[in-house]
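Colleague: Hey, got a minute to walk me through a structure? I'm new to this, so plain words please.

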Amino acid sequence: MNDREFEQLVKQLHPRLTATAERILKGGLQINDNTEDAVQETFIRLWHMGEKLNTCHNIEALAITIIRNICIDILRHPVPPIDSIENIQVLTECSADTSLSTESIHCMIDHYICQLPTTQQRLIKMRSEGMTLDEIAAICQMPKNSIKTLIARARKTLLVKMKRQ
């Protein structure tokens, strides 16, 4: 399947996948950003299947199965929404023994950013430099929704790693 065929598939399946995700996630009150995240994740998984999609008899059924499983995962493991890296707060009221300096926190965040996939690293750095999603989309030649999804995933990963510290 080439890029144009996949793009046509995305246009064709997007409304159905969105409606399916909304229906499933509505029961768990996890609608909003998770719906689009689930749809984007479905398309990513389909894209990674590559040439295997050519042998699939019913791609729509496969996509519905994938999005259903993704939505179930979202409902099983809810993650609080993250607006930005700046929302990762450090309690400054702690004693000097247990508190981390701002410099060490930034160092730790930089360390975790370096562990992200290359694309997510690049997008999170561009966003933290104050670039808008439209500017990033133009530079990376990616859809704005994909960029939002990748940045959200990167932020979620960073938050989980920061909470483990």
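Modeller: Sure, let's chat about the helices, the charged pairs and the aromatic rings. One thing up front: this is a predicted model.

Colleague: Okay, how many helices and strands are there in the protein chain?

Modeller: The chain has eight helices and zero strands. Reading from the N terminus, the elements go α-α-α-α-α-α-α-α.

Colleague: And what share of the residues is buried?

Modeller: Of the 165 residues in the chain, 36% are buried. As for the outside, the chain exposes about 10800 Å², and carbon and sulfur atoms supply 52% of that.

Colleague: What about contacts, how much comes from residues 24 or more positions apart?

Modeller: Taking the contacts with a separation of 6 or more, 67% are between residues 24 or more positions apart.

Colleague: Let's switch to charges. How many salt bridges did you count?

Modeller: The count comes to six salt bridges. The general idea is that side chains of opposite charge can pair when their charged atoms come close.

Colleague: Give me an example. Which residue does glutamate 60 pair with?

Modeller: Glutamate 60 forms a salt bridge with arginine 16, and their closest N and O atoms are 2.4 Å apart. That pair links distant parts of the chain, as glutamate 60 is in helix H4 and arginine 16 is in helix H1, 44 residues apart.

Colleague: How accessible are those two? Start with glutamate 60.

Modeller: Glutamate 60 is partly exposed, at 28% relative accessible area. Arginine 16 is partly exposed too, with 45% relative accessibility.

Colleague: Got another one? What does lysine 156 meet in a salt bridge?

Modeller: Lysine 156 meets aspartate 37, at 3.7 Å from N to O. Here lysine 156 sits in helix H8 and aspartate 37 in helix H2, 119 residues apart.

Colleague: Is aspartate 37 buried or exposed?

Modeller: Buried: aspartate 37 has 16% relative accessibility, and the cut-off for buried is under 20%. Its partner, lysine 156, is partly exposed at 24%.

Colleague: Does aspartate 37 turn up elsewhere, and what does threonine 149 contact?

Modeller: Leaving aside neighbours within four places in sequence, threonine 149 is in contact with Asp37 and Gln40. Threonine 149 is in helix H8 and is buried, with a relative accessible area of 3%.

Colleague: Which residues are linked in a network of salt bridges?

Modeller: Glu41, Arg45 and Arg153 are linked that way.

Colleague: New topic, rings! How many aromatic pairs are there?

Modeller: There are two aromatic pairs. Phenylalanine 6 and phenylalanine 43 make an edge-to-face pair, 6.5 Å centre to centre with 85° between the planes. Phenylalanine 6 is in helix H1 and phenylalanine 43 is in helix H2, so this pair ties together parts 37 residues apart in sequence.

Colleague: And are those two phenylalanines tucked away? What's the accessibility of phenylalanine 6?

Modeller: Phenylalanine 6 counts as buried at 10% relative accessibility, and phenylalanine 43 is buried at 6%. Phenylalanine 6 also forms an edge-to-face pair with tryptophan 47, 4.9 Å centre to centre and 65° between the planes.

Colleague: Is tryptophan 47 buried or partly exposed?

Modeller: Tryptophan 47 is partly exposed, with a relative accessible area of 41%. Phe6, Phe43 and Trp47 form one aromatic cluster.

Colleague: Last one: which residues of helix H6 are buried?

Modeller: Those are Gln120, Gln121, Leu123, Ile124 and Met126. Just after H6, glycine 130 takes a positive phi of about 95°.

Terms used
Residues numbered from 1 in each chain as written. Predicted model: local features only at pLDDT ≥ 70, side-chain atom pairs only at ≥ 80, totals over all residues. Heavy atoms only, no water. Salt bridge = Lys/Arg side-chain N within 4 Å of Asp/Glu carboxyl O. Helix = DSSP H or I, 4+ residues; strand = E, 2+ residues; numbered from the N terminus. Buried < 20%, exposed > 50% of the residue type's maximum accessible area, 1.4 Å probe, protein only. Contact = heavy atoms within 4.5 Å. Areas by Shrake-Rupley, 256 points an atom, 1.4 Å probe, with all protein chains shown as cover. Phe/Tyr/Trp six-rings, centres within 6.5 Å; stacked < 30°, edge-to-face > 60°.
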